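Dear colleague,

I am handing over the structure we spoke about, and it is shown just below. After it I have set out what was found, going from one loop residue to the sheet, the core and the helices.

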Amino acid sequence: SKKVIAAGPGNPPVVVDETADIRRAAKGIFKGASFDNNVICCDEKEVFACAEIFDPLRRELKAAGAYELSSSQIGRLTKHIIDGKYPHKDFVGKNVSTIVDSIGLKVGDDVRLAFAVVEKDHPLVHVEQLMPILPVVKVRDVDEAISEAKRAEAGRGHTSSVYSRNIDVMHRMA
């Protein structure tokens, strides 16, 4: 048997509220979720963004270099990359170009992150997918964002992040 020191499972959520610096949030999310093809357990795995800043955040994610998948594309892709309650082993740690090729979508090898707008109960939100495909969920307000982030993190106490200029929001998220 092999001995290993490792962190436990993590599904780190990101909350972005209406007071956040949206460009900074998008750049930070992009860097974290694309780092090492999102295999690391403390990388950003799902985003909960308040309705007021949702569309600007999507624009800034694209400006940072992320590719936005359509609803149809993420629907087809999810069937390939999620195997029940786990990521499909053939896609873990792979580049975006390799992953989306499974549905016939061609993107350049320079694309480091793809994201899709999904509902809060989408499988990508609740599975630590370990690949650079990021679910982004539109929520009503920061209270719903924090509640859904906590639910997605599933009580593991692992990692989470928040983009806000409101100290009360930061304390509640902590």
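I begin with Asn38, which is buried, because its relative accessible area is 0% and the cut-off for buried is under 20%. Please keep in mind throughout that this is a predicted model. Asn38 sits in the loop that leads from helix 1 to strand 2, and its phi is near 60°, a positive value in a residue other than glycine. As background, most residues other than glycine have a negative phi. Ala154 also has a phi near 60° and is likewise a residue other than glycine, but its place is the loop between helix 6 and strand 8. With a relative accessible area of 49%, Ala154 is partly exposed, whereas Asn38 is buried. A positive phi is also found at Gly65, just after helix 2, where the value is about 120°.

The sheet

How are the strands arranged? The model has an open sheet of 6 strands in the order 3-6-7-2-1-8, and the pairing is parallel. Strand 3 (67-69) and strand 8 (161-163) are the edge strands, each of them pairing on one side only, and from one strand to the next the twist averages 25°. In general terms, strands of a sheet pair through backbone hydrogen bonds.

Starting from the edge at strand 3, the parallel pairing of this strand with strand 6 runs over 3 bridges, and Tyr67 has Ala114 as its bridge partner in strand 6. Strand 6 is joined in turn to strand 7 by 5 bridges, again with the two strands running parallel, and here Val117 stands opposite Val136 in strand 7. Because 4 of the 5 residues of strand 6 are buried, this strand is largely enclosed by the rest of the structure. Elsewhere in the sheet, strand 1 (residues 13-16) and strand 2 (residues 46-50) form a parallel pair over 4 bridges, in which Pro13 stands opposite Glu46 of strand 2.

The core

Which residues have the most contacts inside the largest nonpolar core? They are Val16, Leu57 and Ile133, in a core of 54 residues, and the element that gives the most to this core is helix 1 (residues 22-34), with 6 residues. Val16 is a useful place from which to look around: leaving aside residues up to four places away in sequence, it touches Ile22, Ala25, Ile29, Val47, Phe48, Ala49, Cys50, Ile53, Leu57 and Tyr163.

Helix 2

Helix 2 (residues 51-64) lies across strand 1, strand 2, strand 3, strand 6 (114-118) and strand 7 (133-139), and it runs at about 130° to strand 2. Its buried residues are Ile53, Phe54, Leu57, Glu60 and Leu61, and these pack against strand 1, helix 1, strand 2, strand 6 and strand 7. The length of helix 2 was also checked: at 1.5 Å a residue its 14 residues should span 20 Å, and the end C-alpha atoms are 20 Å apart, which agrees.

Helix 6

The same check on helix 6 (residues 142-153), with its 12 residues, gives an expected span of 16 Å at 1.5 Å a residue, and this agrees with the 16 Å between its end C-alpha atoms. Buried in helix 6 are Val142, Glu144, Ala145, Ile146, Glu148, Ala149, Ala152 and Glu153, and what covers them includes strand 1, strand 2, helix 5 (123-126), strand 7 and helix 7 (167-173). Glu144 of helix 6 has a relative accessible area of 14%, so it counts as buried; it touches Lys120 and Val139, not counting residues up to four places away in sequence.

The cysteines

How many disulfides does a search of the whole structure find? It finds 0. Cys41 is in no disulfide, and the nearest cysteine sulfur, that of Cys42, is 5.3 Å away, while the cut-off for a disulfide is within 2.5 Å. At 22% relative accessibility Cys41 counts as partly exposed, whereas Cys50, at 1%, counts as buried. Cys50 is also one of the residues that Val16 touches.

With kind regards

Definitions and conventions:
Residues are numbered from 1 along each chain as its sequence is written. This is a predicted model: local features need pLDDT of at least 70, side-chain atom pairs count only at pLDDT 80 or more; totals for chains, interfaces and linings use all residues. Side-chain values use heavy atoms; hydrogens and water are left out. Two strands pair if DSSP finds at least two bridges between them. Axes are lines fitted to C-alpha atoms, for helices over the stretch in contact, and angles run from 0 to 180 degrees between N-to-C directions. Contact means heavy atoms within 4.5 Å. A nonpolar core is a set of buried Ala, Val, Leu, Ile, Met, Phe, Trp, Tyr and Cys residues joined through side-chain atoms within 4.5 Å. Buried means under 20% relative accessible area, exposed over 50%, partly exposed in between (1.4 Å probe, protein chains only). The expected span of a helix is 1.5 Å times one less than its number of residues.
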